[in-house]
Amino acid sequence: MLVIKTIEEISHHIQGLKGSGKVIGFVPTMGALHQGHLSLIQAANRQADITVASIFVNPTQFNNPDDLKNYPRTFTRDLELLEKAGCDIVFAPSENEMYPKKDERTFDFGELDKVMEGEHRPGHFNGVGLIVSKLFDAVQPHKAFFGEKDFQQVAVVKKLVQLLNQNVEIIPCPTIRESDGLAMSSRNKLLSPQHRKAAPIIYETLAQAKLLTNTMAVNELKTFVKDKINQHKLLKVEYFELVNGTTLEAVSDFNNGKVIVGCIAVWAGNVRLIDNIIF
Ligand code: AMP
């Protein structure tokens, strides 16, 4: 497995591989890798000839300086896990390499970044747009793999590719969970033992909600989910929304024939967890 730190070197290397007809699959990450990330590597291994992963904790997508400071960093272990998973190339640039100067671009994602994560984390998706566009420019992948764990991010990245007219196929991959249902996340490492014990209630409640769409109206179901999770004194729901899976617009009933997704953000102490369920 090759570890590359500069844009010049990765671009040059990929050009050579593309010249010999290789299909490039790309998995962007912020490191602190777990089985969720590795499932994306496996998907890339299956659907491309060369799997490239990036590890870069992107400062522009953090709206909270403490979150950036506390974000887990496990670089040596990440490289071991990537190598074992069959990754071919790791791109691990420095901050200065990705942002030699302030990038002032702003993206018009329409309504996609006005709701849910966009509403509660101002500037987050613009930062995601900045780094994904820079990584795509450097790696020039044919396909890029993103987790549905970050459901809204997938919608925003699809829009970004349209806006920039980039020829990258965005491939969403299913959420990988712990055996107790908690969605795997790098931030789970930051949970206290008590919060970790409480956290599976989030998905348990989402799964229950999925079974209640025949008996409850949208607003009733939203209240049910929020109340049930908030009943646990260690958890606090920031939002729970039922949205159209493509436009992310809030839905008012369950019978509009579209894919509906329940998206949630919950504070477990000072750790913010997100999850979703496709109805
Ligand atoms: P991150 O390192 O958190 O930026 O995540 C990198 C990629 O891994 C993103 O596409 C995430 O959506 C994806 N990812 C994170 N957690 C999971 C999970 N539990 N299951 C599947 N994909 C995930």
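The following questions and answers concern the terms applied to a predicted model.

Q: Why does A32 count as buried?
A: Buried means under 20% relative accessible area. A32 has 1% relative accessibility, so A32 counts as buried. The residue lies in the loop between β2 (24-29) and α2 (35-47), and A32 has a positive phi of about 50° although it is not a glycine.

Q: Why does Q140 count as partly exposed?
A: The term applies between the limits of 20% for buried and 50% for exposed. Q140 has 40% relative accessibility and therefore counts as partly exposed. Q140 is placed in the loop between α7 (124-139) and β5 (143-147); its phi is also positive, about 50°, although Q140 is not a glycine.

Q: Why is the pair of F62 and Y71 called edge-to-face?
A: Rings pair if their centres lie within 6.5 Å, and planes over 60 degrees apart count as edge-to-face. The ring centres of F62 and Y71 are 5.6 Å apart with the planes at 80°, so the pair is edge-to-face. Both F62 and Y71 are buried.

Q: What makes the aromatic pair of F56 and Y99 tilted?
A: Planes under 30 degrees apart would count as stacked and over 60 as edge-to-face, with the rest tilted. For F56 and Y99 the planes are at 35° and the centres 6.3 Å apart, so the pair meets the 6.5 Å limit and is tilted. F56 is buried, as is Y99.

Q: What makes the pair of F56 and Y99 a link between distant parts of the chain?
A: The two residues are 43 residues apart. F56 lies in the loop between β3 (50-55) and α3 (65-70), whereas Y99 lies in the loop between α5 (95-98) and α6 (116-120).

Q: Why does V3 count as partly exposed?
A: With 20% and 50% as the limits of the partly exposed range, V3 counts as partly exposed because its relative accessibility is 36%. V3 is found in strand β1 (residues 2-4). Together with M1 and F75, V3 makes a nonpolar surface patch of about 210 Å².

Q: Which residues have the most contacts inside the largest nonpolar core?
A: They are I10, V52, F136 and V139, in a core of 44 residues. The largest share of this core, nine residues, comes from α7. Leaving aside neighbours within four places in sequence, the contacts of I10 include V52, I89 and V139. F136 also belongs to an aromatic cluster with F26 and F146.

Note on methods. Residues are numbered from 1 along each chain as its sequence is written. This is a predicted model: local features need pLDDT of at least 70, side-chain atom pairs count only at pLDDT 80 or more; totals for chains, interfaces and linings use all residues. Side-chain values use heavy atoms; hydrogens and water are left out. Helices (H or I, at least four residues) and strands (E, at least two) are DSSP runs, numbered from the N terminus. Buried means under 20% relative accessible area, exposed over 50%, partly exposed in between (1.4 Å probe, protein chains only). A nonpolar core is a set of buried Ala, Val, Leu, Ile, Met, Phe, Trp, Tyr and Cys residues joined through side-chain atoms within 4.5 Å. Contact means heavy atoms within 4.5 Å. Patches are made of residues with over 30% relative accessible area and no salt bridge: like charges are joined within 9 Å, nonpolar side chains (Val, Leu, Ile, Met, Phe, Trp, Tyr) within 5 Å. Accessible areas come from the Shrake-Rupley method with a 1.4 Å probe; for residues, only the protein chains shown count as cover. A salt bridge is a side-chain nitrogen of Lys or Arg within 4 Å of a carboxyl oxygen of Asp or Glu. Rings of Phe, Tyr and Trp (its six-membered ring) pair if their centres lie within 6.5 Å; planes under 30 degrees apart count as stacked, over 60 as edge-to-face and the rest as tilted.
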